[in-house]
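This briefing looks at how strands and helices are arranged in the structure shown below.

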Amino acid sequence: MWKQNYSRREFIRKNSAAGLGAVIALNVPAASSPGRSRKASVPAILGGEPVRTTPWPTWPVWDSKEDEELVLKVLRSGRWWRGSARDSVVAEFEMQYAEALGVSRCLAMVNGTNSLITSLRMLDVGGGDEVIVTPYTFIATTHAILETGAMPVFADVDPETFQIDPGKIREKITPRTKAIMPVHILGLPSDMVAIMDIAAEHELLVIEDACQAWLAEINNRKTGTFGDAGCFSFQNYKHLSIGEGGAIVSDDEEFIDKCHSYHNTGRPYGRMRQIAADGNSLMGNNLRMTEYQAAIGIAQMKRLEDETIQRSKNAAYLRSKILDIPGILPYRLYDNVTRAVFHLFPFRYKKEEFHDMPRSVFMRALSAEGIPSSAGYGGTLNNGLYLKDAFESKNYQLMYPREMLDFERFVEQNQCPENERLCSEEAVWFSQRMLLGTTSDMDDICNAIEKIQANAVKIKAGV
Ligand SMILES: *Cc1c(COP(=O)(O)O)cnc(C)c1O
């Protein structure tokens, strides 16, 4: 398998060196590829020739020489944890990541979930507080809020951008509101300018869940650097893949020192040394990243920018190609977005334009044509039973008045119809690894969708 990965890397290196024009020019599809653009041919789901049989790029990508050497160096050093040394591999990774984001500090840790929990806790968000959050996210976002004892409050999404709707945030503010937790979901930036305005107006904290948005930008400023804290994930499927891993970034030195102390079993770090009267006066946990993880992170950092450029180019090309297909509504970016990073490529599927073919059948037909896709987040987070589980816990029973823990009442007050429609009917995603392919790969996606649309009646009748 690594052979394939290696050649993928070679491809990116060669092409990114040659620049955008060259990438597109090199990958112009053969004009007469048979079966590809012939919309009328038999759909693969009914036994016809698929648009595509070649495999998609795999993930993660690594270099069998340079990357392995970095990891082996750690192994052979015998120092596998960061300890308190300033010259650790973890510290080097933190420095590089902070620099890439244009922020003064970074703290690496075990994973994205605990980066969120630590940020919330160190900003003193907890029992009795409300945190406004989007329902269209990975469940770890809301798990993190519940872990602190705070109450998630859901503000519905703007279905065109898939992001939390700032207008709906305003409606949800109460005297208990302590923080807003925007999630740059799918690697598309949320409307941080509007969100920061609301936060300033109401004196609220902002913790950005940027766990899918490495190097994304609004007005040339990186996501994760707008709020009081920005949190990232380096889990296996993420663009900066370490297997497991996470980070908090901030320009607030004291905050990061506090997070550092907490993540290192309360051992005072940096500015906390003066604040902590003795060695054992701070709360703590053990959330330290290992030296091997950081070595992989440093290796992955080398590819992140080039891969990000590749995904952005392919996403823009694919968007422009499918924009005119009736019933396919690709994502919209806010006007001030200077870079989206496409952890996923999302669009909305309107079955009315496909003779009422359900999304699930459309996706099966796509898959038969050689184009994998996902329906995205299925279980709606604003009414999931995991909330009830938290409300029934001893801590929640102690921290909140009874009516706030009434699950039915909560569900009633946290309805998000736009999110519901995205989850149950409309959203379709393509994986980030597909965007590491060529322009001709993007053409295959477009051709498959057009073929399915042209054959919608037949497919509906035949499956
Ligand atoms: C991946 C992810 C997380 C959690 O990160 P882990 O490293 O898996 O703990 C949180 N929020 C979002 C939006 C994510 O995609």
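**Sheets and packed helices**

An open sheet of three strands follows the order S12-S14-S15 with antiparallel pairing; strands (E, at least two residues) and helices (H or I, at least four) are DSSP runs numbered from the N terminus, and two strands pair if DSSP finds at least two bridges between them. The model is predicted, so that local features need pLDDT of at least 70 and side-chain atom pairs count only at pLDDT 80 or more, whereas totals for chains, interfaces and linings use all residues. Residues are numbered from 1 along each chain as its sequence is written, and side-chain values use heavy atoms, leaving out hydrogens and water.

Three-stranded sheet
- S12 (328–330) and S15 (427–431) stand at the edges with a single partner strand each, so one side of each has no neighbour in the sheet.
- S12 and S14 (residues 344–349) run antiparallel and are joined by three bridges, with proline 330 opposite phenylalanine 347 in S14.
- Helix H11 (residues 291–322) lies across S12, S14 and S15 at about 15° to S14, where axes are lines fitted to C-alpha atoms, for helices over the stretch in contact, and angles run from 0 to 180 degrees between N-to-C directions.
- Helix H16 (residues 417–426) touches S14 and S15, its direction making about 90° with that of S14; contact means heavy atoms within 4.5 Å.

Seven-stranded sheet
- A second open sheet, with mixed pairing, has the order S1-S11-S10-S7-S6-S2-S3.
- S10 (residues 229–233) and S11 (residues 246–250) pair in the antiparallel sense over four bridges, and glycine 230 has valine 249 in S11 as its bridge partner.
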